[in-house]
Structures are given as structure tokens and as C-alpha cells.
Amino acid sequence: MSQDSQHGKWTISSSDDDDDDEGIPLSGTTTSKPHQPTVSNPSSQWSASPPSPKLEPVKATAEVKPEPANTPVSSLVVGSEARQSAAKNQINPVKYETSPSLAGKRKKEVSDGSGWALSDSDDDDDDGDVKGKGLSNLPKRAPPPSPKAKKVKVENERPPSPHGRLYYIDEPEDFFESSVPCLNDTYRFYLNKVTGVDRKYNSGPLILLYCLSSQFNYCFDIAWMVEQYPPEFRDRPVLIVHGDKREAKARLVQQAQPFPHVRFCQAKLDIAFGTHHTKMMLLWYEEGFRVIITTSNLIRADWYQKTQGMWMSPLFPRLPEGSSASAGESPTFFKRDLLEYLASYRAAELEEWIQRIKEHDLSETRVYLVGSTPGRYVGADMDRWGHLRLRKLLYDHTDPVPGEERWPVIGQFSSIGSMGLDKTKWLAGEFQRTMTTLGKSSLRSDPPMHLVYPSVEDVRTSLEGYPAGGSLPYSIQTAQKQLWLHSFFHRWKANTTGRSHAMPHIKTYMRASPDFTQLAWFLVTSANLSKAAWGALEKNNTQVMVRSYELGVLYVPSAFVRTTHMDKQYLCANMSFFVQYTPPNISIPWIWNIPYSQAPDTHGNIWVPS
């Protein structure tokens, strides 16, 4: 079976493929995660050989600023074999060549001219074609400089980054600084700051890392993380909650050797192919503690030019001495659910945090916690985790709406797992049923489902260029077995937040009115579109199996008091986190382990997986 496309013909293989997430390596990567497939020769999947375009040589037009010294950088990524493998393609990026004999070949030298400029056009009519569109607006590359004497290493010189030495040249000194959010912020949802977009779009909160903290995540750069604390607080205790095993765990521990205040808690992953994908911070202050649930890994590149989201809780104060065990609960039972989630780790290292949370008042919380933890659940426990947890919350806390069959379900994510030979196997069979639940109505509507995922053109013209695709690990092995899924796809657009060119690592799911002026509910989470993240029914729907740890927060109208920004039933669409998508459906989504050599990206590079 095969499918023709603008990017060649995909030959459909019969190889098995497991659920994808952020941790799938490319060809030649050694991994301690046995479920992650390797591709011996990704380019062999590329059965068509499109001709190289005849283009004029490109020259640099942007001024390259000198690199600032003493700037921390993510030079090591531990916990994601996928990121490490993708970095191999980014350290020595392949430069675009006009000669057919050189197109697609890796160059060993790294050019010093990597300035970039973006086109003003949105290419709304593009379906991912990279055949030379808009190249006149792309940065022009300078010829290689003449050989010079070997450079003497400067003390405190910035180390190489996974994206090339000049990747962070435009980062202002106050990049990670921002205004403290207003204490009466209704929704407490924020987008990360993005270098390369207008300052008016960068109004995220300042995370005050002055405290004892617990960091739950998938990828860590411990040295960079410690740098985010003010110098006088960099020796405060930090607990790292991770899912790494064997070699990956050893590398993580080695990272922490210079930091004796960093301790570890290894999450139990008892079911094959699962990951610890939750991204949460527990921050302890003298005045109380705070919870932050985000979509970002703890590596520098995730906080720089990608679109990420976070929910930041209020500062929860300590309860009075002698308070009852049920004191400090919120209307959304956030305290109970957070304690239950932490208890699911069965880890002695988290007992201290569980006790601290019990002693605090979480009553101001207005969101519901939606988590996943590995296991097989039956009976009443089936509603505790994954998409069945979301289904139960939507059933209990939302209301039917007139004409709901026209209210689309929108899912947006950064990775896609294997979902079966057709949509009935999981996507429509159970996941879509969850997403279309609105209250206790017996009406089973069949609204449109729009899945937002970047196209090849979106990645090519992004702020990062092709390297952004290293964080969008949809593999050819998975894609070629579920071509039916691609009819659901829509391109990424976020013009209202200035992030159309900041590729999404954020994951959001929502139910919107046909004119997109109202939301019935909204979820931001770490969970990508995969059965491993959301769970899958087994044994004739009498059991649900979840492989991974995930965490997110759900907004429903009934949890919020009425304000000028709310109507009786629905959240208003002018909330800062509302993102756009662009029809028509994209014919080919970004696939991360096949080459793209027909046109250069915004840095003048092409993409050739090794």
C-alpha cells in the first residue's frame, strides 16, 4: 500500500510500531528504553527522489551579533533519547545547496552566519509543500569564511548548544524575566515567552524559584535548571521526579554530581512502553506553596522559541493548627486529587510533600486535575485516570448546548502514537466519545474533530527552522500505518498570540462553538495523542490500561464565578490561551525521520536524519 504526496510516495511496511511520544530515537541511537523502535535507514522509506530546485546561491542579509558570555545553555539533554538523537542533526546542520550532487549531504563544517528573517506571508493555502515557496523571503547564506588561525578558547565562553553555536544570539538578558501575574487573575493560564516575536505577546509570569522544590518532568538539564534560581538560592533542596532507567538514569545522576542538594525519585513504570511524561513543579515558600503544571521539559530549548503553556496556582497558605483532614479543599476537589496522584507513585521520597500539602489551604483552586498513572483499572477505578477521568468530569460538570453537533472538538499536541488500522480502533471508538461528552444528555452527537499538528511548511518557516521538528516526533513507521488519520489534520496557526512561527510543544484540547466565540471546556496537559498517555479499554470495555504518567488541568464554566469575562454557560474565547487552526486539512503532517532537502529553512538548513 502506498500514498503519493507532494513529498514523495510513502511505501507502507508491515512492521509493528508502538505508541510514540517524546522518547523515540532516530536511526543509530542507543537507548535504554526497549520499546522505542530504531530506524536503520530512514531515507530508505523515502521512495521518491524529487529533483533539486534550481535556485540562485543564497547570501546572508542579517547582521550576526557576537555571542554573550556567561549565558547558561542546554548542552546536555538527559531523559529523552529522541532529543539526543535529533540534536545530532542540529549541531552540524545541513546547509542548502543548489547543486544536485550536494543536495541532502551533510557538511562537516559549521557556518558562522546563521541569522534569519521571516516572511510576512502565512502561506495559508500551503498544505506542507516545501518546493521553493517563499524562498525569496528566506535568509540568505553567506559563503564560508576564509580559514583562520585556531581560535583561542575564551574563559567562560558559552558552550555549544544542541541547535548550533549561534542559536541563542537574539536572546535578551532579561529573557526569563517578566511581570508577576495579577493575584486575582481569573484563569491563571499563561504562555511562555518566545524570543523572536513582538514584546506585546510576551506577558507570561515570573516563576520565583527561591524555594524548596520538587520537579516532575521527562527531560532534564540540571545545570541549566539550577541556573534559573537566583545565586543566593541555588543550594536549596530540589527533588527530581523522573522515569529514567539504566543508562539514562546513570547519565542523569552524573549530571547532578556538582549539585549535592539535588535528590532523585524514580517513577515506577511497570507497564512496557510507558514514560514519566508529567511536567509539574511543587514550590515551597515561607508563605505557603504553589503548584505549576506546564508543558515544558526542563531544558533550555523548550523555553526559548516553542509555544508552551502553564497553569500557575495561587499561593496556597498554611491551614491553622488543628484543622480537620478535610479542610482546605477546593470546589473542584483539587487537593484530594493532587494527593491521590502523588500517592500513585508509591514513593517514600514524596511522603514529605504529601504531608505538606495536607497542611495547606487549596480552596481557591478553580480547575480540575486530569492525570494518568500506569496501571490496569477496573470498576469504579476506571474513572480515576486518563481519558475516562476526563469523560467523568465532563459528564458531571458541563451542560448540553443547543446545536452541539456543530460544536467541534479540537485536539492539539506535539506527538502522535499508533492508533490502529482505522479510526474505530481507538480514536472514534473511545477517545472521541470522551471528547464529545457534554453533561448528562443522552444525545450522542457526532461533531467534527479537528486535530491541529504542524505541516512541513510550518516547521520549515518556523523560528527554529527544521530543528523544531526534533520536538515533533511523529515517525514514518507510525504515520504510514494510519493514513486515515491525516484527513483530521489542520495546520498550526496562533496569530492572536503571535506564535504561528513558534512550533507547539503545548498540548490542548477543547470544545468550541462553531464561530469560536465560546468554549464549553478547555484542557491543557502533558498528554499527547496516544493510547499510552490517555489509556485504552480492554477486556470488552471492562478494564482500562494506562501506560504513562501525565498531568493537566481542566477548565469548565461551572467552576468559575461570574465575571465580566464570563457568561452563564461558557468560557469566553478572549482568554489568552485560545489558539487558532487553519483549514484546509494538511495532506502531509511533519514527519521527523525522513529528509526534507528541497528547500532551506529559516536558518538556511535542510533536514537529513542520520
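A residue counts as buried under 20% relative accessible area, as exposed over 50%, and as partly exposed in between. By that yardstick F273, with a relative accessible area of 26%, comes out as partly exposed. Everything that follows is read off a predicted model. F273 sits in the loop between β7 (262–266) and β8, and its backbone has a quirk: phi is near 75 degrees, a positive value in a residue that is not glycine. N541 is another such case, a non-glycine residue with a positive phi of about 65 degrees. Its place is the loop between β18 and β19.

Now for the chain as a whole. The secondary structure adds up to 10 helices and 23 strands. Of the 610 residues, 59% count as buried. The chain exposes about 24,800 Å², and carbon and sulfur atoms supply 52% of that area. As for contacts with a separation of 6 or more, 79% of them come from residues 24 or more positions apart.

The loop that holds N541 joins β18 to β19, and both of these strands belong to an open sheet of 3 strands. The order is β12-β19-β18, and the pairing is antiparallel. At the edges are β12 (375–378) and β18 (536–538), each of which pairs on one side only. Neighbouring strands here are turned by 30 degrees against each other on average, with direction ignored. Between β12 and β19 (residues 543–546), the antiparallel pairing runs over 4 bridges. One residue to look up in this ladder is R376, whose bridge partner in β19 is M545.

Two helices show how burial is laid out around an axis. In α5 (residues 351–358), the buried residues are W353, I354, R356 and I357. They cover an arc of only 160 degrees around the axis, so they end up on the same side of α5. What does this buried set pack against? The partners are the strands β5 (212–216), β6 (238–242), β8 (280–285) and β9 (288–294), along with helix α4 (334–343). In helix α3 (residues 246–255), A248, L252 and Q255 are the buried residues. Seen down the axis of α3, these fall within an arc of 55 degrees, and therefore line one face of the helix.

Aromatic rings come next. Searching the whole structure turns up 23 aromatic pairs. One of them joins F216 and Y345: the ring centres are 5.6 Å apart and the planes stand at 70 degrees, so the pair is edge-to-face, given that planes over 60 degrees apart count as such. F216 lies in strand β5 and Y345 in the loop between α4 and α5, which means that the pair ties together parts 129 residues apart in sequence. Are these two residues buried or exposed? F216 has a relative accessible area of 0% and is therefore buried. Y345, at 1% relative accessibility, also counts as buried. The strand that carries F216, β5, is also among the elements that the buried residues of α5 pack against. Elsewhere in the list of rings, Y187, F189, F522, Y555 and F560 are linked by ring pairs into a cluster.

Definitions and conventions
Residues are numbered from 1 along each chain as its sequence is written. This is a predicted model: local features need pLDDT of at least 70, side-chain atom pairs count only at pLDDT 80 or more; totals for chains, interfaces and linings use all residues. Side-chain values use heavy atoms; hydrogens and water are left out. Two strands pair if DSSP finds at least two bridges between them. Axes are lines fitted to C-alpha atoms, for helices over the stretch in contact, and angles run from 0 to 180 degrees between N-to-C directions. Buried means under 20% relative accessible area, exposed over 50%, partly exposed in between (1.4 Å probe, protein chains only). The arc is that of the directions from the helix axis to the C-beta atoms. Contact means heavy atoms within 4.5 Å. Accessible areas come from the Shrake-Rupley method with a 1.4 Å probe; for residues, only the protein chains shown count as cover. Rings of Phe, Tyr and Trp (its six-membered ring) pair if their centres lie within 6.5 Å; planes under 30 degrees apart count as stacked, over 60 as edge-to-face and the rest as tilted.
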